2 protein chains.
Amino acid sequence: MHPLDQGTILQQAGADLFRGHTTEAYSNRMGYFGGYTAACLLRSVIYHPRRQDLPVALTVNYCAALASGAFDIRVREVRTGRSTQHWLAEMVQAGATVAIASVVCGARRPGWSHQPARPPAIVPWREVPVFEGMRFSGWFQRYDMHFVEGGPDFSPLPEGAHRAARSVLWLRDNPVRALDYVSLASMSDAFVIRGFIVRPKLVPAGTVTLTTYFHGDSDALVAQGDEPLLCVADAHAFSGGFGDQIAHMWGRDGRLLATSQQVVWYKE
Amino acid sequence: MHPLDQGTILQQAGADLFRGHTTEAYSNRMGYFGGYTAACLLRSVIYHPRRQDLPVALTVNYCAALASGAFDIRVREVRTGRSTQHWLAEMVQAGATVAIASVVCGARRPGWSHQPARPPAIVPWREVPVFEGMRFSGWFQRYDMHFVEGGPDFSPLPEGAHRAARSVLWLRDNPVRALDYVSLASMSDAFVIRGFIVRPKLVPAGTVTLTTYFHGDSDALVAQGDEPLLCVADAHAFSGGFGDQIAHMWGRDGRLLATSQQVVWYKE
């Protein structure tokens with residue numbers, strides 16, 4: 001079983017209650033990878049017997065560090081309409097909320113489609129070396145990143161200078177895994193924190209809120225299989241201890257599979 | 001009193017309960033302008049006696065059309081940490097959820113700041129005519145839009161052709177109003193639905209979920225006063241009855257004040 005599937009096993013413990021357990025495979029230095037939390041929360045909604053249709057949007061608010069061990073996820077069906085179904089999923093440890101997510105599922109129907117956005121033209125992933133510079137432990141070993149542009153570089157810069165916030169990379173699960181909504185949610189948080197890209201300084205930092213939109217239906221994800229995603233990550237602004245970042249995640253044939261944005265807290 | 005302030009008056013009716021009433025000033029054909037709902041929800045958190053610090057992120061999930069009349073907003077302090085405070089605010093009518101929002105407030109601290117994003121270079125707003133093409137009623141009269149690029153154009157296109165999804169415009173409250181978080185939240189939904197920009201077809205459509213990030217502190221908003229915001233709106237993909245759109249909202253001196261993304265449902 002893939003570590004992501006192993007780590008997101010949830011036991012239904014009530015009509016709207018699921019129980020899970022953290023896995024070291026997605027740990028980081030201060031708890032767990034935010035994408036792992038997102039994956040657990042999205043899976044709880046996907047597992048819910050009343051869930052209709054497929055995820056369109058996921059917002060995860062990270063309230064506190066996830067501790068090693070068991071966690072509960074309380075799921076609430078907020079409202080179900082003809083085209084959309086709204087959910088909340090709340091991860092709880094020792095009676096306190098660790099993270100809370102809203103999930104929108106949507107009834108995708110055939111009809112007009114149009115993709116104004118275009119992927120960057122870059123070389124095939126096999127021609128780009130995998131980045132080996134940050135293979136610390138836990139989740140850092142769960143993704144292969146092939147940077148075409150904007151890889152992490154901690155060499156000093158002149159005072160006041162910044163590197164570009166943009167990275168272009170191929171991204172894939174390690175070990176490889178066929179793409180689904182759960183892994184795509186997790187991968188949408190797998191971009192090196194932009195603050196670490198623009199200035200060569202490692203400071204305490206963490207995702208505060210993450211919103212991911214899924215643009216593809218199941219067929220699009222199945223068609224992707226376990227091939228790497230072409231990804232662009234960028235940032236707009238850092239100020240007062242909070243910065244943003246965005247990501248675009250492209251699949252085969254230039255199909256946009258997901259876009260995301262997040263706020264990252266950082267310490268000066 | 002400005003219509004936005006009039007329309008977002010909330011009476012505290014319990015420790016975590018606020019009551020409001022819709023205003024025709026922000027009505028649209030199928031209920032109310034989504035930005036108005038966002039403004040009411042954000043205001044409920046801002047009003048809450050336990051609220052600390054200022055908004056950093058707002059996600060609003062639109063569950064059903066808001067009906068004319070009274071509404072309740074139930075506010076919940078989800079978790080308060082040293083740097084962030086997480087809230088839920090739920091708008092309820094007749095016992096059913098109309099919209100639910102998460103709000104993250106953050107303790108902005110002086111320190112490193114950096115803005116990689118740059119505003120487009122365009123002409124001053126006084127040199128761009130205000131758009132008078134969609135002054136229907138309600139909220140359409142609440143904003144002045146000066147399109148520099150990508151204004152609505154419903155003239156026919158050749159079969160299969162699309163217009164660009166991108167608009168660049170100056171945007172301001174009408175009547176004018178000094179900027180604050182509440183009005184910025186509302187304005188972040190004030191962009192013509194991108195589906196209407198790329199194909200000249202008016203179909204039923206509505207925002208499903210909206211996430212807005214606030215990049216400025218109070219000083220940045222106060223400095224903006226009631227001057228128009230320079231805005232860029234764009235879209236990445238439309239498929240299966242759901243499309244996305246994004247917006248960047250710039251203030252004086254090229255300061256990025258807000259970025260947002262949303263999912264819009266549309267009928268073929």
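**Exercise 1.** Which residues are linked with Asp5(A) in a network of salt bridges?

Solution. The model is predicted. Besides Asp5(A), the network of salt bridges includes Arg43(A), Arg177(A) and Asp180(A). Over all chains, the structure holds 22 salt bridges.

**Exercise 2.** Examine the salt bridge that Arg50(A) forms with Glu77(A), and state which parts of chain A the pair ties together.

Solution.
1. Distance: the closest N and O atoms of Arg50(A) and Glu77(A) are 2.4 Å apart. The cut-off for a salt bridge is 4 Å, and the pair forms one.
2. Location: Arg50(A) sits in the loop between helix H2 (34-47) and strand E5 (54-62), while Glu77(A) belongs to strand E6 (residues 70-80), so the salt bridge ties together parts of chain A that are 27 residues apart in sequence.
3. Accessibility: Arg50(A) has a relative accessible area of 51% and is therefore exposed, exposed being over 50%. Glu77(A), at 23%, counts as partly exposed.

**Exercise 3.** Locate the two partners of the salt bridge between Arg76(B) and Glu90(A), and classify each as buried, partly exposed or exposed.

Solution.
1. The side chains of Arg76(B) and Glu90(A) meet at 2.4 Å, N to O.
2. This pair crosses between chains: Arg76(B) is in strand E6 (residues 70-80) of chain B, and Glu90(A) is in strand E7 (residues 84-93) of chain A.
3. The relative accessibility of Arg76(B) is 34%, which makes the residue partly exposed. Glu90(A) has a relative accessible area of 9% and is buried, the limit for buried being under 20%.

**Exercise 4.** Give the N to O distance in the salt bridge of Arg135(B) with Asp144(B), and say whether Asp144(B) is buried or exposed.

Solution.
1. The side chains of Arg135(B) and Asp144(B) come together in a salt bridge at 2.7 Å, N to O.
2. With 18% relative accessibility, Asp144(B) counts as buried.
3. In general, side chains of opposite charge can pair when their charged atoms come close.

**Exercise 5.** Describe the surroundings of Ser260(A).

Solution.
1. Ser260(A) is part of strand E15 (residues 256-266) of chain A.
2. Its relative accessibility is 5%, so Ser260(A) counts as buried.
3. A polar atom of the Ser260(A) side chain lies 3.5 Å from the backbone oxygen of Ser188(A).
4. Leaving aside neighbours within four places in sequence, the contacts of Ser260(A) include Ser188(A), Leu210(A), Thr211(A), Thr212(A), Gln245(A), Ile246(A) and Ala247(A). Gln261(B), from chain B, is also in contact with Ser260(A).

Note on methods
Residues numbered from 1 in each chain as written. Chains lettered and ligands numbered in written order. Predicted model: local features only at pLDDT ≥ 70, side-chain atom pairs only at ≥ 80, totals over all residues. Heavy atoms only, no water. Helix = DSSP H or I, 4+ residues; strand = E, 2+ residues; numbered from the N terminus. Buried < 20%, exposed > 50% of the residue type's maximum accessible area, 1.4 Å probe, protein only. Polar contact = N/O pair within 3.5 Å; in protein donor to acceptor, adjacent residues only side chain to side chain. Contact = heavy atoms within 4.5 Å.
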